[in-house]
2 protein chains.
Amino acid sequence: MPRPREFDEDRVVLAVRDAFWDQGYAATSMDDLLRVSGLGKGSLYGAFGDKRRLFLRVLREYDDANLRGLRERLGSAARGVDMVREFVLGVADDPTGAAARRGCLLANSTAELATSSPDVAAEARRSYEAITAILTEALERAQREGDVDPDAYAAEVARAVLAAQLGVVALGRTGMDVAVLTEVARSALARLLPAPSP
Amino acid sequence: MPRPREFDEDRVVLAVRDAFWDQGYAATSMDDLLRVSGLGKGSLYGAFGDKRRLFLRVLREYDDANLRGLRERLGSAARGVDMVREFVLGVADDPTGAAARRGCLLANSTAELATSSPDVAAEARRSYEAITAILTEALERAQREGDVDPDAYAAEVARAVLAAQLGVVALGRTGMDVAVLTEVARSALARLLPAPSP
DNA sequence: CGAATTGTTGACCGTACCGTCCAGAACACC
DNA sequence: GGTGTTCTGGACGGTACGGTCAACAATTCG
């Protein structure tokens, strides 16, 4: 009996995500969101609730997509160590530097909102723990494959790798030269992944 | 001939800094700043200009104080490597975790504003380059003192250490357990600072 | 004491904010 | 075709926003 939706929820979430990503949460107005989504006020509020709820949904979907992508890359990587390296080096992959300047929506949001919004902080913990688990798995595989020192504690290395990646993300946001950024990622990786004694 | 100021500029800058630090730039209103500074509107605008100018001044003074502190610690450290270790471990120093949750004003601001404000991005580049230089000096001293592999390229290690510290700062902001955060810092340091072959 | 200069206060302006609400439109089912 | 249900668009309200301004206060110098 009901009237059907005229819009695709996923498209709206993506459009809204980009707005939050580029401007930050507080600096993005509801008018901005209406503009980029193309919806009217009643539709947006009816389908997603207020600004805060919409943002949290966008953030969760962003994180979930991100985790799915990492698991896929782990599954398809030739070697476990490749996935770990790509995780860090990928931050500086775009030669124009645009992706690095944009950074990560989760990292940006955590920095902006963690103090005032426990939900965002909790989401960040959830996401980073999941990433750590994936990296740990990748590193354990790398140990079996002989690419990483089997005596290292994989979970500990995973956390250090995550920290390094987050640092590279933070540096990328400053707009520093992409070549230098790549060098930072490369040198951090070289030291964090202990090579097996031959 | 003029009427003297009734307030201390430095106190105002510190109070305003705390407001921006805790709430972020966009979420802090001019009314908030008037409240925490205790000034009237005319005084604040007369002495510091608009919100944006005031923020940039606060950020610059924060950075300068930060760099001064690092140089002092380098000067007073018993060994160069101690200063480097303290730089990373200090993030998780507060056992209550409050300092870690608060994070770094520069890192928070860069994540929130780098896209929309070139001034903030430039300030971040300036600050991180200066920190890299200080860390490089500390690491070169550590090499002379026999605490770090003399064959390592100090500037490269310095950049990796900075990335690791920024990563720990980012993780700290999520409110994760301080003990775990300390372990992350410790394990990253252990791998980033190549010990000299004995 | 008077003139000149700067600091202070808070009223005021126009705008933009977020969220609600309602009248009408579009469909499904009978 | 009628009825019930949801969706849509925009008008509307109350508030808070950043910033300006003018009147008044405090001081220094002549």
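Which oxygen of DNA strand C is 3.5 Å from an N or O atom in the side chain of B:Ser43? Select B:Ser43 and look: a sugar or linking oxygen of the strand.

This is a predicted model, in which local features need pLDDT of at least 70, side-chain atom pairs count only at pLDDT 80 or more, and totals for chains, interfaces and linings use all residues. Residues are numbered from 1 along each chain as its sequence is written, chains are lettered from A and ligands numbered from 1 in the order written, and side-chain values use heavy atoms, without hydrogens and water.

**DNA strand C.** Stay with the strand. Of the 24 residues around DNA strand C, A:Met30, A:Lys41, B:Arg3, B:Glu6 and B:Gly42 come nearest (around: a heavy atom within 4 Å). Sugar and phosphate make up 59% of the strand atoms that come within 4 Å of the protein. Now pick B:Glu6: a polar backbone atom sits 2.5 Å from a phosphate oxygen of the strand. Next, A:Tyr45: a polar side-chain atom lies 3.1 Å from a phosphate oxygen of DNA strand C.

**Helix 10 of chain B.** Select residues 178–192 of chain B. Helices are DSSP runs (H or I, at least four residues), numbered from the N terminus. At its N-terminal end, B:Asp177 is the cap, with a side-chain oxygen 2.9 Å from the backbone nitrogen of B:Ala179. The buried residues (under 20% relative accessible area, 1.4 Å probe, protein chains only) include B:Leu181, B:Val184 and B:Leu192. Show their partners: the buried residues of this helix pack against helix 9 and helix 10 of chain A, together with helix 5, helix 6 and helix 9 of chain B.

Notes:
Helices (H or I, at least four residues) and strands (E, at least two) are DSSP runs, numbered from the N terminus. The expected span of a helix is 1.5 Å times one less than its number of residues. Buried means under 20% relative accessible area, exposed over 50%, partly exposed in between (1.4 Å probe, protein chains only). Contact means heavy atoms within 4.5 Å. A polar contact is a pair of N or O atoms within 3.5 Å; within protein, one must be able to donate a hydrogen and the other to accept it, and residues adjacent in sequence count only if both atoms are side-chain atoms.
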